[in-house]
Amino acid sequence: MVKIEDIQQYGKEHLETVVASATTVQNGLQAIASAYGDYTRKSFEDTKSFVEKLSGVKSLDKAIEAQTEYARSAYESFVADSQKIAGLYTDLAKQTFKAIEGMVAKFAPGAH
């Protein structure tokens, strides 16, 4: 026989699990957005610095050298920040699936 208290407790536990999971997702997405913002800001500053440096160059050799240095630096920054952001996505996915897995295990028939 199902008791009203059991149904209420089930609903309360389910709601708490959903709220905790939503908070985890929100925090993860904020971290990802922040990482993208940091990368964009750094990329803009690096490009601005490159243009300033390039505008003061007096020879073609120095222009090619500045461009090569900028390209190498931009590539290295892109790879490092891409790996950081991919790690944040991986962490978010793990945390999200962990919460879902826990909810399924807790509320699945036969789990009690």
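Is Asp 38 buried, partly exposed or exposed at 36% relative accessibility? Asp 38 counts as partly exposed, because its relative accessibility of 36% falls between the 20% under which a residue is buried and the 50% over which a residue is exposed. The legends below describe a predicted model, and each takes up one part of the chain.

**View 1. The chain as a whole is made of two helices.**
The secondary structure of this predicted model comes to two helices and zero strands. The radius of gyration is 25 Å, well over the 13 Å that the globule rule gives for 112 residues, and the chain is therefore more spread out than a compact globule. Along its principal axes, the C-alpha trace spans about 90 × 20 × 10 Å. Buried residues make up 13% of the 112 residues in the chain, while the accessible surface comes to about 8600 Å², of which 61% belongs to carbon and sulfur atoms. If one takes the contacts in the chain with a separation of 6 or more, 75% of these are accounted for by residues 24 or more positions apart.

**View 2. Arg 41 and Asp 38 meet in a salt bridge within helix α1.**
Side chains of opposite charge can pair when their charged atoms come close. A search of the whole structure finds three salt bridges, and one of them joins the side chains of Arg 41 and Asp 38, with 2.7 Å from N to O. Because Arg 41 and Asp 38 are three residues apart in helix α1, about one helical turn separates them. Asp 38, as the opening question showed, is partly exposed.

**View 3. Lys 42 forms a salt bridge with Asp 46.**
The closest N and O atoms of Lys 42 and Asp 46 are 3.0 Å apart. These two residues are also separated by about one helical turn, because Lys 42 and Asp 46 are four residues apart in helix α1. Lys 42 counts as partly exposed at 39% relative accessibility, and Asp 46 counts as partly exposed at 26%.

**View 4. Lys 53 and Glu 69 meet in a salt bridge between the two helices.**
The side chains of Lys 53 and Glu 69 are joined at 3.3 Å, N to O. Lys 53 lies in helix α1 and Glu 69 in helix α2, so this pair ties together parts of the chain that are 16 residues apart in sequence. Lys 53 is partly exposed, with 42% relative accessibility, and Glu 69 is partly exposed as well, with 40%.

**View 5. Phe 50 and Tyr 70 form a stacked aromatic pair.**
A pair of aromatic rings is described by the distance of the centres and the angle of the planes. The count of aromatic pairs in the structure comes to two. In one of them, Phe 50 and Tyr 70 lie 4.4 Å apart from centre to centre, with 15° between the planes, and the pair is stacked. The pair links distant parts of the chain, since Phe 50 belongs to helix α1 (residues 4-55) and Tyr 70 belongs to helix α2 (residues 60-107), 20 residues apart. Phe 50 counts as buried at 14% relative accessibility, whereas Tyr 70 counts as partly exposed at 25%. Ser 49, whose place is in helix α1, is partly exposed with a relative accessible area of 43%. The C-alpha atoms of Ser 49 and Tyr 70 are separated by 9.3 Å, although the two residues are 21 apart along the chain.

**View 6. Ser 77 is a buried residue of helix α2.**
Ser 77 is found in helix α2, and at 10% relative accessibility this serine counts as buried, because buried means under 20%. When its neighbours within four places in sequence are left aside, Ser 77 is in contact with Tyr 39 and Lys 42. Lys 42 is also the partner of Asp 46 in the salt bridge of View 3.

**View 7. Phe 97, Ile 100 and Val 104 form a nonpolar patch on the surface.**
Together, Phe 97, Ile 100 and Val 104 have about 300 Å² of accessible area. Phe 97 lies in helix α2 and has 57% relative accessibility, so Phe 97 counts as exposed, the limit being over 50%.

Terms used: Residues are numbered from 1 along each chain as its sequence is written. This is a predicted model: local features need pLDDT of at least 70, side-chain atom pairs count only at pLDDT 80 or more; totals for chains, interfaces and linings use all residues. Side-chain values use heavy atoms; hydrogens and water are left out. Rings of Phe, Tyr and Trp (its six-membered ring) pair if their centres lie within 6.5 Å; planes under 30 degrees apart count as stacked, over 60 as edge-to-face and the rest as tilted. Buried means under 20% relative accessible area, exposed over 50%, partly exposed in between (1.4 Å probe, protein chains only). Patches are made of residues with over 30% relative accessible area and no salt bridge: like charges are joined within 9 Å, nonpolar side chains (Val, Leu, Ile, Met, Phe, Trp, Tyr) within 5 Å. Accessible areas come from the Shrake-Rupley method with a 1.4 Å probe; for residues, only the protein chains shown count as cover. A salt bridge is a side-chain nitrogen of Lys or Arg within 4 Å of a carboxyl oxygen of Asp or Glu. Contact means heavy atoms within 4.5 Å. The radius of gyration is taken over C-alpha atoms; the globule rule is 2.2 Å times the number of residues to the power 0.38.
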